[in-house]
Amino acid sequence: MAKIINLEVFTRFFRSGQIGGFLLLICVAISLLIANTASKESFETFLQTKLGFGAVNYSILAWINDALMAIFFLLVGLEIKRELVEGELSTLKSAVLPVIAALGGMLVPALIYTIFNKGTETASGWGIPMATDIAFALAIIAMLGKNVPTSLKIFLAALAIVDDLGAILVIAIFYTHQIHFEYLAMAGGILVVLALMNYFGVKNLIFYLIPGIFLWYFIHHSGIHATIAGVLLAFTIPTNETDVLSPLEKLEHSLSIPVNYLIMPIFALANTNITFEREMIAGLVSPLGLGIIVGLFVGKTIGVTFFSWLAVKLKWADLPTGAGWKHVLGLGMLAGIGFTMSIFIALLSFSDDLHVSEAKFAILTASILSGVVGFVFLKSVKEV
């Protein structure tokens with residue numbers, strides 16, 4: 001009789017979330033391959049195909065980056081809220097650390113870029129190295145599995161959320177030509193209604209999700225990046241500190257698989273289609289390229305680590321449970337994965353196509369460097 005195959009190892013691997021990281025990397029490779037073959041133009045045409053009707057008629061790429069990623073941010077926001085209520089971020093000292101670390105991770109890279117590009121025609125790109133790509137950073141740390149404490153993953157998620165909110169504010173203040181305050185006011189009204197429903201104990205998720213769609217719509221039309229709607233909605237979903245399954249935990253469980261194994265790979269496939277050009281190589285050692293690479297890889301590492309050390313030294317914050325300074329240093333490296341938000345800011349910063357291409361290649365280079373070095377470094381950390 002044939003021996004039954006032992007699927008336990010595969011099951012553990014699938015549930016660990018590591019397969020989501022591998023799927024993401026595979027989609028990155030496929031996207032880069034498409035962008036540098038004859039399929040490039042047809043793929044770009046496909047991504048620009050409009051779907052929808054009336055006021056919600058957007059390209060497939062826009063649906064992916066603004067709608068699907070809002071769902072991703074909803075899941076991350078749910079995880080952050082749960083940790084704030086009953087987990088690793090439930091004390092003031094643990095909750096404040098990601099905020100201070102993210103601040104350092106934005107200020108130091110922006111300063112480094114400015115030093116390299118002061119007085120040049122690319123000086124306006126100072127916001128490019130400020131951003132951390134939360135999707136890719138979390139995918140890399142998920143691939144580390146038990147090599148890093150769970151608290152460090154929560155710390156990175158919280159840091160990346162604050163970082164992304166900071167990037168969205170930078171875009172809104174410095175890179176957006178017009179903000180439509182009437183749409184912001186309507187979004188604010190919906191947010192108040194959602195908060196009141198939470199306060200009065202409404203538990204049915206449908207009463208949060210339907211207004212959440214309108215919240216996304218109004219924020220999208222306000223001129224501010226629509227993904228923030230996912231975070232705002234998450235913080236209105238009810239939870240509790242008991243063993244009873246809360247609406248937040250139910251939604252979190254429902255979103256986990258589609259986000260990790262569908263939304264994130266689709267996002268990677270659509271956003272990594274960078275076509276390599278000869279001029280890009282020289283651009284790596286230009287003020288633009290050096291500002292981005294040094295800003296993301298070195299600046300993020302220094303900013304996150306130093307500001308975290310300062311916060312702990314001043315007794316404003318505590319390190320994540322089970323984590324040491326080597327973990328924080330490695331996490332700072334992973335924070336240098338800028339990618340999507342950095343590319344988005346680059347598109348807003350420059351009108352010259354060559355500058356945009358050089359910036360994209362520098363961002364890709366810095367992100368790969370940060371991801372690989374951060375992964376290898378954290379993999380080597382055996383103890384606190």
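**Cavity**

I looked for enclosed space and found 1 cavity of 30 Å³ or more. The model I am reading is a predicted one. I noted a volume of about 50 Å³ for the largest cavity. Its lining consists of Glu88, Leu89, Ser94, Ser151, Phe155, Asp318 and Pro320. I sorted the lining of the largest cavity by type and got 3 nonpolar, 2 polar and 2 charged residues.

**Pocket**

Next I turned to the largest pocket, which holds about 1100 Å³ of space. I listed 42 lining residues, and those closest to the centre of the pocket are Asn65, Asn271, Ile343, Phe344 and Leu347. I then asked which elements give two or more residues to this lining. They are helix 3 (40-47), helix 4, helix 6 (134-143), helix 7 (150-175), helix 11 (247-271), helix 15 (339-349) and helix 16. By type, I count the lining of the largest pocket as 20 nonpolar, 14 polar and 8 charged residues.

**Helix 9**

I checked the length of helix 9, residues 206-222. Its 17 residues should span 24 Å at 1.5 Å a residue, and the C-alpha atoms at its ends are 24 Å apart, so the two values agree. I wrote down its buried residues: Tyr208, Gly212, Leu215, Trp216, Phe218, Ile219, His220, His221 and Ser222. What covers these buried residues? The cover includes strand 2 (58-59), helix 4 (60-86), helix 8 (181-199) and helix 10 (228-234). Just past the end of helix 9, I found Gly223 with a positive phi of about 100 degrees. One of the buried residues of helix 9, Trp216, also belongs to a cluster that ring pairs form with Tyr58 and Trp63.

**Lys315**

I looked up a second positive phi, near 65 degrees, at Lys315, a residue other than glycine. Most residues other than glycine have a negative phi. Lys315 sits in the loop between helix 13 (287-313) and helix 14 (325-334). Buried or exposed? I put Lys315 down as exposed, because its relative accessibility is 64%, where over 50% is needed.

**Aromatic pairs**

I counted 13 aromatic pairs. Trp126 and Phe174 make an edge-to-face pair, because their planes stand at 80 degrees, with the ring centres 5.1 Å apart; the cut-off for that class is over 60 degrees. I placed Trp126 in the loop between helix 5 (92-117) and helix 6, and Phe174 in helix 7, so that the pair links distant parts of the chain, 48 residues apart. I have Trp126 as partly exposed, with a relative accessible area of 24%, whereas Phe174 is exposed at 52%.

The pair of Phe136 and Phe267 is tilted, with 5.9 Å from centre to centre and 50 degrees between the planes. I traced Phe136 to helix 6 and Phe267 to helix 11, distant parts of the chain 131 residues apart. Both of these residues are buried.

**Phe375**

Last, I looked up Phe375, which lies in helix 16 (residues 353-380). Its relative accessibility of 23% makes Phe375 partly exposed. Which residues does Phe375 contact, leaving aside neighbours within four places in sequence? I found Ile140, Met143, Leu144 and Leu334. I also checked Phe375 against Ile71, 304 residues away along the chain, and their C-alpha atoms are separated by 26 Å.

Notes. Residues are numbered from 1 along each chain as its sequence is written. This is a predicted model: local features need pLDDT of at least 70, side-chain atom pairs count only at pLDDT 80 or more; totals for chains, interfaces and linings use all residues. Side-chain values use heavy atoms; hydrogens and water are left out. On a 1 Å grid over the protein atoms alone, a cavity is a set of points where a 1.4 Å probe fits but cannot get out, and a pocket is an open set with protein on both sides within 12 Å along at least five of seven lines; lining residues have an atom within 4 Å of a point. Grid points are joined across faces, edges and corners, and a volume is the space filled by probe spheres set on the points. Ala, Val, Leu, Ile, Met, Phe, Trp, Tyr, Cys and Pro count as nonpolar, Asp, Glu, Lys and Arg as charged, and the others, Gly among them, as polar. Helices (H or I, at least four residues) and strands (E, at least two) are DSSP runs, numbered from the N terminus. The expected span of a helix is 1.5 Å times one less than its number of residues. Buried means under 20% relative accessible area, exposed over 50%, partly exposed in between (1.4 Å probe, protein chains only). Contact means heavy atoms within 4.5 Å. Rings of Phe, Tyr and Trp (its six-membered ring) pair if their centres lie within 6.5 Å; planes under 30 degrees apart count as stacked, over 60 as edge-to-face and the rest as tilted.
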